[in-house]
Amino acid sequence: MNTVELLSDRLEAARIERRRNRELQRQDRIFNARVRTIGIDKDALDHQVQERKEKEEAESLTLKGYAEDLLHGDRVACLLDHRQRKDERLLQKAIMDFRQNFQQRSSRREFDLNDPDALKKQDSVQMLPGLVGEDPGSVERRRRQQEQLRSWSSQQQHELVEAHQRKKREDLQYDQTRIALDNRALELQKTEEENKRALAIATKDFNLALAAETAGRRQRERYEEEENKKMDILNHLQGELLSKSQDQSASLRGYSRLRSDSYLGLSLQQLQHFTDLQLQQAEEKKRALLAQKQEELEQDRVRVESARAVLLLERKQARINKEMRQAMDNANAKLAQEQQARKKYLEEQVYTNVPDESYFSQFNTSTR
């Protein structure tokens, strides 16, 4: 068989031969240590520049051809789409014409049952004398219709029974599921209420103990303060200065002025006045202490509620962190299994070719 040599094959062979010759010349220059150490290979560099330009031009021509092919394909696709739409319109028109010409209502098989002019089209010779308008096959047709109706009715009843049973099973399953969910919700709610009740009881006991301790300490302080005041007043009343006459402390400039060197203390009226004033001040201080106590109790209640809210938030965050950590652990375990499987696959199926001397001897044999 004679082979036909094309012009492109000859050009390709000539190009390959030129590249082979250039490669041999380059090997002579590169592997010759004396020539290589003199300076750069300008001819080789110029040739590389020229090859790069030719490569870029070839790539640009390839891209241009590819773009032209894309445009041509788009135009062909548009033409085919237009032709397909035209064919679909012609096909729809042909179908409509066929239906109008060959699929008339009167050409249907059951048209004689619904023909409004059926009696007009009947021949009078086919009817028996005296029985004009009577249908001889009406009894048989009615019997068949009744049988068909009974069959349909029994089938519908069977389907209704099956649907009712299926719905009953679904409702029963739904009720069981709902009851299980309600029981679970009740258990969770009961557990939460017990936890809340225990926390409230512990908080209440702590607050009562703290309030009792604070009240006892303040009562002891007030008692000691009152005792000290009473003792001080008693010491002044029983002293030598207050046992003398009150008149010797009067000043020569008037009764309203007192002598500081002979002042003997207060009178009974003054003592009663100051005693009443001290009792009034003690009552006011007691009321202020009671108001302060109420305020401290309110602050304690607010702190307890805040601590309780913070505790609930911390528990919720801990539960969320636990779920996230569990999901992450599951994902990491799954990822580890996949990595182990991939590693096993690579070791058993991919990394099976061990390099030998022939693999390493192929390097440093070309100038590229």
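Trainee: Which exposure class does Lys285 fall into?
Mentor: Lys285 has a relative accessible area of 43%. Buried means under 20% and exposed over 50%, with partly exposed in between (1.4 Å probe, protein chains only). So Lys285 is partly exposed.

Trainee: What sort of model is this?
Mentor: Residues are numbered from 1 along each chain as its sequence is written, and side-chain values use heavy atoms, without hydrogens and water. Local features need pLDDT of at least 70, side-chain atom pairs count only at pLDDT 80 or more, and totals for chains, interfaces and linings use all residues, as the model is predicted.

Trainee: Which residue meets Lys285 in a salt bridge?
Mentor: A salt bridge puts a side-chain nitrogen of Lys or Arg within 4 Å of a carboxyl oxygen of Asp or Glu. Here the N to O distance is 3.3 Å. The partner lies 60 residues away, in helix H6, while Lys285 is in helix H7 (residues 268-350). That partner is Glu225.

Trainee: Why are Arg143 and Glu147 separated by about one helical turn?
Mentor: Both sit in helix H6 (residues 138-237). Helices are DSSP runs of H or I, at least four residues, numbered from the N terminus. The reason is their spacing in helix H6: 4 residues.

Trainee: How far apart are the closest N and O atoms of Arg143 and Glu147?
Mentor: The two form a salt bridge. They also belong to a salt-bridge network with Glu140 and Arg144. Their closest N and O atoms are apart by 2.6 Å.

Trainee: How many salt bridges does the whole structure hold?
Mentor: One of them joins Glu17 and Arg20 at 2.8 Å, N to O. A search of the whole structure gives a total of 18.

Methods. Helix = DSSP H or I, 4+ residues; strand = E, 2+ residues; numbered from the N terminus.
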